[in-house]
Amino acid sequence: MEYVRGKQDLPPPGGFETVKYKRSLPLKGPSGAVIFGTILAISGWGFYKLGQGNLEMRELEREKIWSRINIVPALMAENDRDIYRRERAAMARESEIMKDVKGWQVGQSVYNGKRYNTPSMYVL
Amino acid sequence: MADHREAVLNSKEYIEPSPMPKDVPHVDELGATSAPLKSASFFIGDRCKEFNDDFMLCKQGSANPGDCLKEGRKVTRCASSVINDINKHCFNQFKSHFDCLEFNNQYLFPCRNQERSLNECVAASLNLHKNIPGSPENQPQIHEKTDPIHKRIQH
């Protein structure tokens, strides 16, 4: 029996091209450390500004309170004069109405004490 | 004011027609509304500190409105002298500042530009200075800060 000698399977002339085993993924961006650091830096700046803003808020509050403290005496004095005028008028009316009642003390407090009380009733 | 009630009835509006008795010396009331008062408050506090402290001491001693009328008149005269002087010397700056306060919910921080020119004018012509007691020392007070964090966002 005659053997037919087959053609041997051989690499192409020049050899096979190299196997592409290297991963070809898109660029990943900055490393974790860089991202973490950036976030820390931004947060740190923000917290610093927040702290500064809180200190400023405290000073704004102080400014507002002192602007009121400065004018409270003037407002109180004006209100006091008004209350005093009304009280004197009320007493004049009271003495006119009660002039026939013996032993009536005009403007006597209903409380037994020397402490001043804002009148709770007015005779119109 | 904590220990003060208005001398009016709550249920019915009542205007007392009788004038102030003759034995109480007359004093012109301030007649300024809230924004001008707020704008001028630190100058009132600067010039009238003694009168204010006197009056508040008197009020601490007695809550009766009849007891501190004399001190109260001094307070009112002093405060109106400040308002009148500002009106006389720095009216334009004063008006622009209290107008700004009116338009900004009476917050002081959006009106720093107007306030700065008012303060300069008042310091130059009346020698009254804005000073906030209790502010941290060795740094500019809040109204002197050139680049504050809290400022008007829209202009």
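Colleague: Let's start at the surface: is B:Asp147 buried or exposed?
Modeller: Happy to help, and please keep in mind that this is a predicted model. B:Asp147 meets the side chain of B:Lys151 in a salt bridge, 3.2 Å from N to O. Its partner B:Lys151 is partly exposed, with a relative accessible area of 44%. For B:Asp147 the relative accessibility is 58%, and since anything over 50% is called exposed, B:Asp147 counts as exposed.

Colleague: Which residues are joined into one network by salt bridges that share partners?
Modeller: Side chains of opposite charge can pair when their charged atoms come close. A search of the whole structure finds 18 salt bridges over all chains. The network joined through shared partners consists of A:Glu63, B:Arg112, B:Glu115 and B:Lys130.

Colleague: Which residue forms a salt bridge with A:Glu56?
Modeller: A:Glu56 has a relative accessible area of 2%, so this residue is buried. The pair crosses between chains, starting in helix H1 of chain A and ending in the segment after H5 of chain B. The closest N and O atoms are 3.1 Å apart, and the partner is B:Lys145.

Colleague: And how accessible is B:Lys145 itself?
Modeller: Buried would require under 20% relative accessible area, and exposed over 50%. B:Lys145 falls in between, so B:Lys145 counts as partly exposed, with a relative accessibility of 26%.

Colleague: How many salt bridges are there between chain B and chain A?
Modeller: The pair B:Lys145 and A:Glu56 is one that crosses between chains. On the chain B side, H1, H2, H3 and H5 each supply at least two residues of the side that touches chain A. There are also 17 residue pairs in polar contact between the chains, both residues being at pLDDT 80 or more. The salt-bridge count between chain B and chain A is seven.

Colleague: How much area do chain B and chain A bury between them?
Modeller: The size of an interface is often given as the accessible area lost when the parts come together. Here 58 residues of chain B are in contact with 38 residues of chain A. Carbon and sulfur atoms carry 65% of the buried area, and the total is about 4,500 Å².

Colleague: Which element gives the most to the largest nonpolar core?
Modeller: This core has 32 residues, and those touching the most other members include B:Phe43, B:Ile44 and B:Val82. Helix H1 (32–97) of chain A gives two or more residues, together with helices H1 to H5 of chain B. With six residues, the element that gives the most is H3(B).

Colleague: Which residues of chain A are in contact with B:Ile44?
Modeller: Neighbours within four places in sequence are left aside here. Within chain B, the contacts of B:Ile44 include B:Leu37, B:Ala79, B:Val82 and B:Ile83. From chain A, the residues in contact with B:Ile44 are A:Asn70 and A:Ile71.

Colleague: What is the distance between the closest N and O atoms of B:Lys95 and B:Asp99?
Modeller: Both residues lie in helix H4 of chain B, four residues apart, which is about one turn of the helix. B:Lys95 is partly exposed at 36% relative accessibility, and B:Asp99 is partly exposed at 27%. They form a salt bridge whose closest N and O atoms are apart by 2.8 Å.

Colleague: How much of residues 29–48 of chain A is helix?
Modeller: UniProt, in an unreviewed entry, lists these residues as a "transmembrane region". In the model the end C-alpha atoms of this stretch are 28 Å apart. Strand makes up 0% of the stretch, and helix makes up 85%.

Notes. Residues are numbered from 1 along each chain as its sequence is written. Chains are lettered from A and ligands numbered from 1 in the order in which they are written. This is a predicted model: local features need pLDDT of at least 70, side-chain atom pairs count only at pLDDT 80 or more; totals for chains, interfaces and linings use all residues. Side-chain values use heavy atoms; hydrogens and water are left out. UniProt positions are given in the numbering used here, feature names are shortened, and annotations may be inferred rather than shown by experiment. A nonpolar core is a set of buried Ala, Val, Leu, Ile, Met, Phe, Trp, Tyr and Cys residues joined through side-chain atoms within 4.5 Å. Buried means under 20% relative accessible area, exposed over 50%, partly exposed in between (1.4 Å probe, protein chains only). Contact means heavy atoms within 4.5 Å. Buried area is the accessible area (1.4 Å probe) that two parts lose on being put together, summed over both. A salt bridge is a side-chain nitrogen of Lys or Arg within 4 Å of a carboxyl oxygen of Asp or Glu. A polar contact is a pair of N or O atoms within 3.5 Å; within protein, one must be able to donate a hydrogen and the other to accept it, and residues adjacent in sequence count only if both atoms are side-chain atoms.
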